[in-house]
Amino acid sequence: MVGKDIISVNQFNRKSLEAIYQISLIMEKKSREKEELDILKDKIMASLFFEPSTRTRFSFESAILRLGGKVISTTDAIYSSMTKGETLKDTIKTVEKYADIIVIRHPQKGSAKIAARCTKIPVINAGDGPGEHPTQALLDFYTIKKEKRRVSGLKISMVGDLKYGRTVHSLVKLLSNYENLEFCFISPKELKMPKEYLEILKEKKIKYTETDNLECNLGDLDVLYMTRVQKERFENEKDYEKLKDSFILNKKLLEKAKNGMIVMHPLPRINEISTDVDCDPRAKYFDQVENGLFVRMALLSLVLGKIDIEEKVLI
Ligand code: NCD
C-alpha cells in the first residue's frame, strides 16, 4: 500500500483487509497504553474538506498528530481558492507542493479519483458525494470483526437512506469479500440500494432481501446498521421531510433483538436512533467513532511507508 491512493473499497481483498485489521489492533493497543509514536514525524497531511465533517476530519487529523506528523487543513471551500473559480485539479496541484498526503471530501462522485490522477502524492477519499467512503467502511469492518469475532456468516440489516448513503455503498462491497452473509436492505421505496451494489451481491451469490419493515427480521440479526436520510442530496426539501423519520430505533423496539446483536451508525444521527438506546451494551456507534482513529492511524502509516504490511511491524 506504500504510496498508493485509497479511493474505493474495490482495492481491498481478504488478505489486505485482514492485514489492516491486525495493524489497527496494534494501533489500538499502542494508543491505549499511551505509547508515544513518532513514526510520521517528517510527514504533513493536508485535509481538504469541501463538505461538512466532524468524525472523519478530526479522526484523520488526530491520527496523524498522534503519530508525530502535522496537519494543514481547509474545512470548507469558502476558505480555499475554489470559491474564486479555481478547479479541483489546480487546487490539488498546489496542495501537493505543501503536503505528503491529501485527505479529501468533496460533494461530487468521482472527485477523489480525479484528484488522485493529478498528483503523485497519495490521496485518500474521505467521501465523494453519494459515491464511496472507503475509510468509514474499513472502520465499520474493524468494529464488526472485533465485536463479533468473525465476518463470514453474519446476518446484517442496513437501514435508512441506501440510495445516497456512501457508507453503506462502501461497506456492502467490502463485506462481499466474505462468505455466507445474509443482507437485508430496509429503506423507503424512494431510497433503495442502487442496482449496481445488488448486482455485486448477485454475482457473488450472497443472499439479500429488500423491505420497508424495520421489525421484520430484528430477532434474527447480528448487525443492525442504521443511517440518516442524506438531506443534502435532495433537490426538494419536502421530499426529505416526508422521508426523514422513516425508521426510528428505540429501546422498546430493541427488546426484540438478540443480546449479541450490535447496533451501528456512521453518525451523525438525526432521529434514527433514540437516545434511550445509547446506554444499551449493544449500541456500538460511539465505539465506531473511536475505532476510526485506530484504523486511520493504521492507514496513514501504511500509505506513508512506515509499516510493513507483511510483517506488521513499525519501520
Ligand atoms: C457519514 C458520511 O459523511 O458519509 N458520516 C461519517 O463520515 N461518519 C454519514 C452521514 O453523513 O450520514
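Modeller: Let's start with a term: a residue is buried when its relative accessible area is under 20%, exposed when it is over 50%, and partly exposed in between. Please keep in mind that the model we are looking at is predicted.

Biologist: Thanks! Are Y164 and F234 buried or exposed?
Modeller: The cut-off to apply here is 20%, since lower values count as buried. Y164 falls in that class, and F234 does too, so by this definition both are buried.

Biologist: How many aromatic pairs are there?
Modeller: A pair of aromatic rings is described by the distance of the centres and the angle of the planes. Two rings pair if their centres lie within 6.5 Å. By this rule, the number of aromatic pairs is eight.

Biologist: What kind of pair do Y21 and Y142 form?
Modeller: Their ring centres are 5.2 Å apart, and the angle between the planes is 50°. Under 30 degrees would count as stacked and over 60 as edge-to-face. The pair of Y21 and Y142 is therefore tilted.

Biologist: How many residues apart in sequence are the parts that Y21 and Y142 tie together?
Modeller: Y21 belongs to helix α1, residues 14-32, and Y142 to helix α5, residues 134-148. The two tyrosines are both buried. Because they sit in these two helices, their pair ties together parts whose separation in sequence is 121 residues.

Biologist: And what kind of pair do Y164 and F234 form?
Modeller: Here the centres are 5.6 Å apart and the planes meet at 65°. Y164 is in the loop between β5 and α6, while F234 is in the loop between β8 and α8, 70 residues apart. An angle over 60 degrees puts a pair in the edge-to-face class, so Y164 and F234 are edge-to-face.

Biologist: Which residues do ring pairs link into a cluster?
Modeller: We have already met two of the members, Y21 and Y142, which pair with each other. The cluster linked by ring pairs consists of Y21, F141, Y142 and Y178.

Biologist: Now for charges: how far apart are the closest N and O atoms of K146 and E28?
Modeller: Side chains of opposite charge can pair when their charged atoms come close. The search of the whole structure finds 26 salt bridges. In the one between K146 and E28, the closest N and O atoms are apart by 2.8 Å.

Biologist: Why does that salt bridge tie together distant parts of the sequence, and how many residues apart are they?
Modeller: K146 lies in helix α5 and E28 in helix α1. Both residues are buried, and they also belong to a network of salt bridges with R32 and E290. Because of those two helix positions, the pair ties together parts separated in sequence by 118 residues.

Biologist: Is K207, which has a salt bridge with E182, exposed or partly exposed?
Modeller: The N to O distance of this salt bridge is 3.9 Å, and it links strand β7, where K207 lies, with strand β6, where E182 lies. E182 has a relative accessibility of 31%, so E182 counts as partly exposed. K207 has a relative accessible area of 57%, so K207 is exposed.

Biologist: Last one: which elements give two or more residues to the positive surface patch?
Modeller: The patch is formed by K89, K93, K113, R117 and K120. One of them, K93, lies in helix α3 and is partly exposed at 43% relative accessibility. The elements that contribute two or more residues are α3 and α4.

Conventions
Residues numbered from 1 in each chain as written. Predicted model: local features only at pLDDT ≥ 70, side-chain atom pairs only at ≥ 80, totals over all residues. Heavy atoms only, no water. Patch = residues over 30% accessible without salt bridge, like charges linked within 9 Å, V, L, I, M, F, W, Y side chains within 5 Å. Areas by Shrake-Rupley, 256 points an atom, 1.4 Å probe, with all protein chains shown as cover. Salt bridge = Lys/Arg side-chain N within 4 Å of Asp/Glu carboxyl O. Lys, Arg positive; Asp, Glu negative; His and termini not counted. Charge placed at Lys NZ, Arg CZ, Asp CG, Glu CD. Helix = DSSP H or I, 4+ residues; strand = E, 2+ residues; numbered from the N terminus. Buried < 20%, exposed > 50% of the residue type's maximum accessible area, 1.4 Å probe, protein only. Phe/Tyr/Trp six-rings, centres within 6.5 Å; stacked < 30°, edge-to-face > 60°.
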